[in-house]
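Here is a friendly walk through one protein chain, from its charged pairs to its buried spots. Please keep the sequence and the 3D view open as you read.

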Amino acid sequence: LEMRTPALRSELRKDMWSKFVLTNPVFRAWDHLDFNIAESLCARAVEPIYMEPGGELFNPNSRANGAFVVTKGSLGYTKVVSSPDVAKGHSMSFSSGEIDRVVDCHVVRAGSWIAQAAMWIPWNFLGTATAQVDSELLGLSGEALRKVLAKHPHLQTIMRHYVEAFENRFSVLNSDQINDVSPCVEHSVLIYSMEHKSRMYMCFAALRALKQRHAFRSLVGGELFERVEHDITAGVHCLSFDDNGNVERVKRTVSLRLKRPDGRLLMQVYRQANGAMDKEPKLPSYALTNEEPEEGLARLLSGDFTLLGSSVTFGQVSSYTHTRSSRTY
């Protein structure tokens, strides 16, 4: 590569590495918002790493300068903790000599990311990663990433809101929910937590990808995309990319599970359009639009359940995800 012109070198790096870099849902969204960003990333923020079996990528408590994506081979990852765990600011770290317990092991295969959080917040590694076979990775420098963003002010503003959402969500995680090989917080959850205008741009990036994949539908059934765009703008749902590049439509609903001392649950029975009663009772629920679950819960209790508000005692909050494939797309 060093013998080529800078322009040709950038193009070659993009051809070789963009397919791996764009597996990250954030960078895939960037690519649909600014078509030059992938080349800039590969040219200025990405470097190849080659590892022999037994080679260590990092050790516990060492400072992360960025993230990695495995392109070939596999690594063994082991998370270790100290007693007690030490959290300094946003980064999890250990005092010297305190590391004493293995708590988590993973095999990190080609296509998987390591230390994604290090691209957004200060990060100390929580474990060790060792090559199991001859392996190749791409390292993304956090500092170089910020320099690339500085040349794309529009993306820089969007990502400031994304990082704020990440910091807010990350700050409430328990230590057992955090490691170096998972994203810590789901991308779609972060999209939903962003400032409204920036969230819309990230959603429209996924919508643009959907239109490109279903160009024929956009010509003969454009009203479908118009409805999706309207719902995004209104905050009814959001679109995002998953780790495989598929487009997800995410809709959030808060449900109230009220349980009496005798164990009975409060359920709602709905009437169908023809006046018949729905056979399946449901928990009282409220669809969220541009609001957090706590706000939706307050709105739910201030509606039909106002009389119960003073007598409700909250126990715990649980989060569930239900996924299904679209019949249309």
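## A charged pair late in the chain

Arg264 and Asp262 form a salt bridge, with their closest N and O atoms 4.0 Å apart. Keep in mind as you inspect it that this is a predicted model. Arg264 has a relative accessibility of 57%, so it counts as exposed. Asp262, at 48%, counts as partly exposed.

## The other salt bridges

How many salt bridges does the structure hold? There are three. Another of them joins Glu143 and Lys147, where the closest N and O atoms are 3.8 Å apart. These two residues sit four places apart in helix α4, so about one helical turn separates them. Glu143 is partly exposed at 49% relative accessibility, and Lys147 is exposed at 53%.

A further salt bridge brings together the side chains of Glu47 and Arg13, at 3.4 Å from N to O. This pair links distant parts of the chain: Glu47 belongs to strand β1 and Arg13 to helix α1 (residues 6-21), with their positions 34 residues apart in sequence. Is each partner buried or exposed? Arg13 is buried, because its relative accessible area of 9% falls under the 20% limit. Glu47 reaches 46% relative accessibility and therefore counts as partly exposed.

## A four-stranded sheet

Strand β1, which holds Glu47, also takes part in an open sheet of four strands. The order is β1-β10-β3-β8, and the pairing is antiparallel. The edge strands are β1 (46-51) and β8 (113-114), each of which pairs on one side only.

β1 and β10 are joined in the antiparallel sense over six bridges. If you would like a place to look along this pairing, try Ile49, which stands opposite Leu137 in β10.

Which helix lies across β3 and β10? Helix α4 (residues 142-150) does, lying across β3 (66-72) and β10 and running at about 50° to β10. This is the helix that carries the Glu143 and Lys147 pair.

## Ser135, a buried polar residue

Ser135 is found in strand β10, which covers residues 135-141. Ser135 has a relative accessible area of 2%, so it is buried. What does the side chain of Ser135 reach? One partner is the backbone oxygen of Ser74, at 3.2 Å. Another is the backbone oxygen of Val133, which lies 2.8 Å from a polar atom of the Ser135 side chain.

With neighbours within four places in sequence set aside, Ser135 is in contact with Ile49, Tyr50, Met51, Lys72, Gly73, Ser74 and Leu75. Ile49 appears here again, having already been met opposite Leu137. Ser74 likewise returns, as it supplies one of the backbone oxygens described above.

## Val148 and Phe125

Val148 lies in helix α4. With a relative accessible area of 3%, Val148 is under the 20% limit and therefore buried. Which residues does Val148 touch, not counting those up to four places away in sequence? They are Ile37, Ser40, Leu41 and Arg44. Ser40 is 108 residues from Val148 in sequence, yet their C-alpha atoms are 6.7 Å apart in space.

Phe125 offers another long-range pairing to look at. Phe125 lies in the loop between β8 and β9 (127-131). Although it is a loop residue, Phe125 counts as buried, at 4% relative accessibility. Phe125 and Asn179 are 54 residues apart in sequence, and their C-alpha atoms are 8.2 Å apart.

## The chain as a whole

Stepping back, the secondary structure of the chain comes to 10 helices and 14 strands. Of the 329 residues in the chain, buried ones make up 40%; Ser135, Val148, Phe125 and Arg13 are among the buried residues.

Contacts across the sequence can be summarised too. Among contacts in the chain with a separation of 6 or more, 74% are between residues 24 or more positions apart. Finally, the accessible surface of the chain comes to about 19,000 Å², and carbon and sulfur atoms account for 49% of that surface.

Terms used: Residues numbered from 1 in each chain as written. Predicted model: local features only at pLDDT ≥ 70, side-chain atom pairs only at ≥ 80, totals over all residues. Heavy atoms only, no water. Buried < 20%, exposed > 50% of the residue type's maximum accessible area, 1.4 Å probe, protein only. Polar contact = N/O pair within 3.5 Å; in protein donor to acceptor, adjacent residues only side chain to side chain. Contact = heavy atoms within 4.5 Å. Pairing = 2+ DSSP bridges. Axes fitted to C-alpha atoms, helices over the stretch in contact; angles between N-to-C directions. Areas by Shrake-Rupley, 256 points an atom, 1.4 Å probe, with all protein chains shown as cover.
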